[in-house]
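Thank you for sharing this entry. The points below are meant for someone who is meeting it for the first time, and they are best followed with the structure open.

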Amino acid sequence: MVGKILNLVVAVFLLLEATSKTEAYQARKEITFNWIRNSQDVNRNQTADLLRRDGYESDRLQVLTEDGYRLTVYRMRAKKSRANGVVLFHHGIRQSSDMWMFLGPKRSLAYQVYEAGYDVWFSNSRASPESDGHERLDRDSDHYWDFSFHEIGTLDLAAIVDYVLEATTRPTLHFVGYSEAGSAVLALLAEQPDYNRKFATVELMAPPAFMQYGQFSWIARMVQPIRALFPWSVYYARDALPTQICSIFHTECCMLFGQMNDRGNETREEPSPPANRGRPGCFDLEDVSLKQLEHYRQMIASGRFQQFDYGYAVNLHRYKRDPPPDYCLWDVTARIGLHYSNKDRTVDYRGVEQLARKLPKVADLQKTLYKGYTHRDFYRNPKMQTSVYPNILKSIKRQSALQ
């Protein structure tokens, strides 16, 4: 009891201290999204190395976004005709394209698609350790990390899709995305509806949109009153609230951030996995923007699939309204496939079914509920080879035959 009271007193002191520093932070820098990062000893060719390990060769290419980020994409080199179409794979939060090699050459979905005669590409967002930074911004700077899944969708995926279609001279491509890739591509299709015609199919595994039912709902709502007390720049300053709060509520932060760490230290079966690039410990935020996490926290707390909430004044300036607008899902007319599970505690099945109801009737929607799988199982569990992946490949083949 004494310990809890002491923790409460320290927390109140920290909140008061942070409040007194508000004006100083705002004067010093308006954007302070992240802690100092250590980008040394990062293998920026991890995907190519794993492809080579599994007996495939690839070309490493670079895509420049409208706002200056140098994104890395990989294209598997053809051993035979690739006449069936183009398939683009995109990763989840805190990951890179190497996630698609996790299960090895016989089980991984990407290899199955390649062996079926498709031209396979892998994309990396601006958060990925495999991408090549920015034209002007240093990767360790705050301004570099000023993005959430919104920018990953409307800028990164938009640039990559255009690049792939131009390189392949194809009118459309198939898209396969895991977790955050679903939020990003839905944001792209809602905000820039012309891109709907560039996707033959959009296959989403565990897509986060309506997240109020998941395991993080209680902590997202608990943080909401604290977040409302501070400007965004103070709330996510390097030495302000997140680090101070997590130094007190260590278990809670491990629960929230540790489960987002897909480069944990747990052992994996053969084939050998990608190298663990994350730093040890559960409170590890390498290769993620705090704005990404805050955007998801806002959606969990609000129960809405909405744009980023900067607070009343900035919302009025950016959106001409407060609260921020929802993504216009009624503009998503591409063929969408939703693959989700009843045991996924991060993206609860009820949220995915709510997403399905929000998509317009004109969209060619297919949804499949798989029993017993967790969030990470969609790319880590060998059973995917005989359950989820055949359905995705069948969907891609069916739509390819119709084109």
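1. How many contacts beyond four places in sequence does the model have for residues 12–39, over which pLDDT stays under 50? The model is a predicted one, and for this stretch it has 61 such contacts. A second stretch, residues 260–281, also stays under 50 in pLDDT, and there the model has 54 contacts beyond four places in sequence. For the protein as a whole the average pLDDT is 81, with 73% of the residues scoring at least 70.

2. Helix α3, which spans residues 46–53, has Q46, T47, A48, L50 and L51 as its buried residues. The elements that cover these buried residues include the strands β1 (58–64), β2 (70–76) and β4 (119–123), together with the helix α5 (109–115). After α3 comes G55, and the phi of this glycine is positive, near 95°.

3. Q212 deserves a look of its own, since it sits in a loop, the one between β6 (199–205) and α8 (217–228). Is Q212 buried or exposed? Its relative accessibility is 15%, and because buried means under 20%, Q212 counts as buried. Once its neighbours within four places in sequence are set aside, Q212 is in contact with S217, R221, I300, G303 and Q354. With Q354 there is also a polar contact from side chain to side chain, at 3.0 Å.

4. Two residues other than glycine should be checked for their backbone angles, given that most residues of that kind have a negative phi. S179, in the loop between β5 (173–178) and α7 (180–191), has a positive phi near 55°. K320, in the loop between α13 and β7, has a positive phi near 65°. As for their surroundings, S179 counts as buried at 8% relative accessibility, whereas K320 is exposed, with a relative accessible area of 67%.

5. Which form does the peptide bond from D322 to P323 take, cis or trans? It is cis, with omega near 5°, although most peptide bonds are trans. P323 is found in the loop between α13 (312–319) and β7 (336–341), and K320, with its positive phi, has its place in the loop between α13 and β7 as well.

Key:
Residues are numbered from 1 along each chain as its sequence is written. This is a predicted model: local features need pLDDT of at least 70, side-chain atom pairs count only at pLDDT 80 or more; totals for chains, interfaces and linings use all residues. Side-chain values use heavy atoms; hydrogens and water are left out. Helices (H or I, at least four residues) and strands (E, at least two) are DSSP runs, numbered from the N terminus. Buried means under 20% relative accessible area, exposed over 50%, partly exposed in between (1.4 Å probe, protein chains only). A polar contact is a pair of N or O atoms within 3.5 Å; within protein, one must be able to donate a hydrogen and the other to accept it, and residues adjacent in sequence count only if both atoms are side-chain atoms. Contact means heavy atoms within 4.5 Å. pLDDT is the predictor's confidence in each residue, from 0 to 100.
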